[in-house]
Amino acid sequence: MRLALLLALVLTGCAFKPSLPYTLQPAATGPAYFANQEVVFRRPGASPERLLTAVENDGRRLSVVASSPMGQTLFVLTVEGGPAVLDARVPLPASFDPNLLPALIQLSDWPLEEARKGLAPGMELREAGPLRTLLRRGRPLLTLDRQGPAPPYRTIELRVPPMDLEATITTLDD
């Protein structure tokens with residue numbers, strides 16, 4: 001499944017190590033919210049890939065339910081005081097790191113100082129207005145351009161320059 005492979009590649013910065021050097025922070029350190037979102041991934045020369053997600057942080061647990069545009073549940077991720085637990089409903093690549101999506105959510109939505117607590121040595125998270133930039137050894141690895149009231153943001157434009165990957169995350173009206 002190409003979409004699962006794209007998810008596995010998000011935030012890696014290199015094709016050989018599909019993970020992000022980030023330690024997930026407790027749910028209680030982030031904002032409580034629920035959002036239905038559409039995620040559209042784009043790579044040059046490829047067709048866009050769509051994913052629907054339901055993201056919830058209730059202070060005890062951060063959870064992500066991902067589904068296809070037709071409504072098939074692809075996987076459920078939960079984070080409760082440790083690494084993410086993955087309940088895959090479809091086969092995912094062995095390289096798929098379940099911590100990637102919760103890390104992305106925390107880098108985008110958690111208060112800046114809380115998100116910084118999860119960074120590995122050599123990583124830096126900068127914020128300038130609605131734009132957050134994750135750097136590895138001074139080089140941009142990820143940008144998150146967040147628009148609208150926080151969180152959930154109305155839209156987030158995600159860019160991973162080392163992989164020439166972009167995604168638009170749009171919060172859907174209930």
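**Stop 1: strands S7 and S8.** Select residues 139-147, which make up strand S8, and add strand S7 next to them: the two pair in the antiparallel sense, over six bridges. This is a predicted model, so keep that in mind as you click around. To see one of the pairings up close, show Leu 131 and look across to S8, where its bridge partner is Asp 145. Now follow the chain around the turn. S7 and S8 form a hairpin with two residues between them, and Arg 137 in that turn has a positive phi of about 50°.

**Stop 2: back one strand to S6.** Keep S7 (residues 131-136) on screen and add S6 (residues 123-128). Here again you get antiparallel pairing over six bridges. Pick Glu 124 and you'll find Leu 135 of S7 standing opposite. Which residue should you click in the turn of this hairpin? Go for Gly 129, which has a positive phi of about 65°. The S6-S7 hairpin has two residues between its strands.

While you have strands on screen, here's a handy thing to look for: in a regular strand, side chains alternate between the two faces of the sheet.

**Stop 3: the nonpolar core.** Turn on side chains for Leu 20, Tyr 22, Phe 75, Leu 107, Leu 134 and Leu 142. In the largest nonpolar core, which has 44 residues, these six touch the most other members. Next, select helix H2, residues 100-109: this helix gives the most to the core, with six residues.

**Stop 4: the cavity.** How many cavities of 30 Å³ or more does the structure hold? Just one, and about 240 Å³ of space lies in the largest cavity. To find its centre, select Gln 37, Val 39, Leu 104, Ile 105 and Ile 169, which lie nearest to it among the 20 lining residues. Elements giving two or more residues to that lining include strand S1 (33-42), strand S2 (49-57) and strand S10 (165-171). H2 turns up here too, and gives the most to the lining, with five residues. Try colouring the lining by type: you should get 16 nonpolar residues, three polar and one charged.

**Stop 5: zoom out.** Show the whole chain as a cartoon and you'll see three helices and 10 strands. Trace them from the N terminus and the order reads α-β-β-β-β-β-α-α-β-β-β-β-β. Of the 174 residues in the chain, 47% are buried. Finally, take the contacts between residues at least 6 apart in sequence: 45% of them join residues at least 24 apart.

Methods:
Residues are numbered from 1 along each chain as its sequence is written. This is a predicted model: local features need pLDDT of at least 70, side-chain atom pairs count only at pLDDT 80 or more; totals for chains, interfaces and linings use all residues. Side-chain values use heavy atoms; hydrogens and water are left out. Two strands pair if DSSP finds at least two bridges between them. Helices (H or I, at least four residues) and strands (E, at least two) are DSSP runs, numbered from the N terminus. A nonpolar core is a set of buried Ala, Val, Leu, Ile, Met, Phe, Trp, Tyr and Cys residues joined through side-chain atoms within 4.5 Å. Buried means under 20% relative accessible area, exposed over 50%, partly exposed in between (1.4 Å probe, protein chains only). On a 1 Å grid over the protein atoms alone, a cavity is a set of points where a 1.4 Å probe fits but cannot get out, and a pocket is an open set with protein on both sides within 12 Å along at least five of seven lines; lining residues have an atom within 4 Å of a point. Grid points are joined across faces, edges and corners, and a volume is the space filled by probe spheres set on the points. Ala, Val, Leu, Ile, Met, Phe, Trp, Tyr, Cys and Pro count as nonpolar, Asp, Glu, Lys and Arg as charged, and the others, Gly among them, as polar. Contact means heavy atoms within 4.5 Å.
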